[in-house]
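Morning, everyone. I have one structure to walk through today. Let me put it up.

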Amino acid sequence: MADETSQLQDSSESTTVVVIGAGPAGLTVATLLQHSGIDCVVLERHSREHVAQRQRAGIVETRAVRMFDSWGLTDRVLGGVPYDGILEFRVDGRSHLVSDSDGSDGPSARLCPQQILVQKLTQTFLDGGGDLRFEAADVSPHDLTGDRPTVHYRTADGTTHAITCDFVAGCDGDHGVSRTAVPDGALTAHAFDHGIGWLTVLADAPPPAHPLLAVNARGFAAHFPRGPYASRYYLQCPPDDHPDAWPEARIWDALRTRLGDPALVCGPITDRETFRLRSLVHDPMQYGRLFLVGDAAHIVSPMGGKGMNLALYDADLLARAVRDFVRSDDDTALRTYSSRCLRRVWNDQEFSHWLTRTLHDAGDAAPFPRHLARARLDRLFNAPASARAFAELMTGLDPTGEAVISQEVPGNLFAHGGD
Ligand code: RFL
């Protein structure tokens with residue numbers, strides 16, 4: 001430690017919050033803190049161009065739109081177009097339209113690709129004079145259980161810097177450094193492998209009329225809009241399949257079959273990858289003065305579109321909690337941050353797991369689970385109460401995650417949470 005410190009070129013910097021990672025979670029925390037007049041520094045490993053191009057999620061759910069609205073930021077940070085709240089299920093080629101709007105007043109979900117949200121959050125933060133440092137290498141948080149943690153990083157010229165702060169927001173995704181700075185045993189990881197693979201394909205091809213989830217005896221497929229002339233497709237595949245096993249002709253053939261659309265218009269494929277569906281929750285989402293946000297704390301299988309939306313939920317709670325502490329010396333919301341986030345995380349994990357099982361079992365599973373899954377779909381298409389519950393979960397407006405009697409972190413908040 002002494003050697004490390006002696007090589008620092010500049011150890012005099014200080015801020016309230018160091019945010020590690022400039023994805024949806026980190027940029028939202030930073031923008032909301034800035035909006036609250038609280039200073040922060042964002043450290044991002046990659047270049048601005050790299051971060052701005054990363055394409056993943058496509059829908060900002062109703063709850064998240066209303067969250068930005070409550071901060072007066074909707075027009076600045078949300079691009080894309082309003083979503084009409086209709087989701088299409090296609091079972092053996094037969095279409096069922098399901099409303100995933102809950103009918104309440106107020107702004108609703110937007111078709112806003114993740115990279116557009118990231119670009120707009122970046123611009124908003126920088127326009128407001130925000131301190132966002134790209135290409136920050138070897139980021140490492142220290143003294144997380146002390147009064148003033150320090151975050152070290154290195155710039156491209158090799159200079160090492162240190163920033164002292166009150167709090168660290170670990171927003172650096174599943175492979176970042178924030179969580180690995182926590183000693184073994186302080187967090188419990190709950191991991192689940194669904195035993196399912198997906199091939200995901202981005203193409204310059206016409207988007208569907210509605211986000212589309214399809215299933216037939218060959219397996220699951222999906223087609224989502226990603227802009228005026230861009231689409232993301234998913235195809236269920238063996239868990240360890242390689243993208244090379246999927247030449248273009250095979251992809252379009254499989255999509256036409258599983259989507260039940262022989263006339264599906266294809267287009268140039270711009271990206272393709274395979275991955276295993278997995279889910280992961282780290283509990284608690286706090287260690288001393290480090291607060292984990294978004295994918296750094298939890299991974300949700302993409303079915304149901306919850307990963308990015310959960311990241312936005314965590315970011316909102318953390319920004320409000322820090323604001324309470326800075327403005328009023330009130331640490332209640334910081335103490336309950338982890339338990340409040342985890343309640344919604346598990347709620348969304350359950351929804352995503354339910355939808356994952358239903359749409360995969362309804363396809364090529366053994367007869368008994370296939371019949372169960374199809375009975376669940378039948379209920380969704382025909383029982384209004386089921387459809388309403390589904391819509392609440394899709395919008396994120398279900399009360400489950402909100403009506404929290406939060407469990408406070410006992411003792412000294414800024415010592416290790418469980419002590
Ligand atoms: P991110 O987006 O991974 O951002 C983390 C940032 O941290 C940086 N970083 C570091 N910076 C400094 N030092 C280090 N050592 C660092 N290590 C990493 C990274 O460069 C990056 O900029 O996490 P965040 O902000 O928590 O956001 C989470 C979302 O990205 C994620 O949940 C979603 O993309 C998940 N997801 C979807 N979510 C939805 O809500 N709806 C969807 O439709 C949806 N589709 C998807 C998805 C994820 C997918 N993948 C990754 C399998 C589709 C796919 C294919």
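Start with a cysteine. Is C266 buried, partly exposed or exposed? C266 counts as partly exposed, because its relative accessibility is 38%. Keep in mind that this is a predicted model.

Now take another cysteine, C112. C112 is buried, with a relative accessible area of 0%. Does C112 have a bonding partner, or is the closest cysteine sulfur too far? The closest cysteine sulfur belongs to C171, and it sits 19 Å from the sulfur of C112. A disulfide needs the two sulfurs within 2.5 Å. So that pair is too far apart for a bond. The search of the whole structure agrees: zero disulfides.

Next, confidence. The protein chain has an average pLDDT of 92. At least 70 is reached by 93% of the residues. The weak stretch I want to flag is residues 1–6, where pLDDT is below 50. Beyond near neighbours in sequence, that stretch makes three contacts in the model. Where pLDDT is low, predicted coordinates should not be read in detail. Please keep that in mind before you use them.

On to the ligand. How many residues surround the ligand? The count is 32. The closest are E44, R54, Q114, D295 and M308.

Here are three polar distances. D295 puts a polar side-chain atom 2.8 Å from a ligand oxygen. M308 uses its backbone: a polar atom there is 2.8 Å from an oxygen of the ligand. R45 also uses a polar backbone atom, this time 3.1 Å from a ligand nitrogen.

How much of the ligand's area does the protein bury? Taken alone, the ligand exposes 1,000 Å², and the protein buries 90% of that.

Which elements give two or more residues to the shell? They are α2, residues 24–35, and α8, residues 307–328. The largest share comes from α8, with four residues.

Last stop, L377. This residue is in helix α10, which covers residues 367–382. L377 counts as buried, because its relative accessibility is 2%. What does L377 touch, leaving aside neighbours within four places in sequence? Its contacts are F89, V91, T358, L359 and A362.

One more distance, for scale. L377 and G158 are 219 residues apart along the chain. Their C-alpha atoms are separated by 57 Å.

To recap: zero disulfides in the whole structure, a ligand with 90% of its area buried by the protein, and a stretch at residues 1–6 with pLDDT below 50. Over to you.

Terms used:
Residues numbered from 1 in each chain as written. Predicted model: local features only at pLDDT ≥ 70, side-chain atom pairs only at ≥ 80, totals over all residues. Heavy atoms only, no water. Buried < 20%, exposed > 50% of the residue type's maximum accessible area, 1.4 Å probe, protein only. pLDDT = per-residue confidence, 0-100. Contact = heavy atoms within 4.5 Å. Near = heavy atom within 4 Å. Polar contact = N/O pair within 3.5 Å; in protein donor to acceptor, adjacent residues only side chain to side chain. Areas by Shrake-Rupley, 256 points an atom, 1.4 Å probe, with all protein chains shown as cover.
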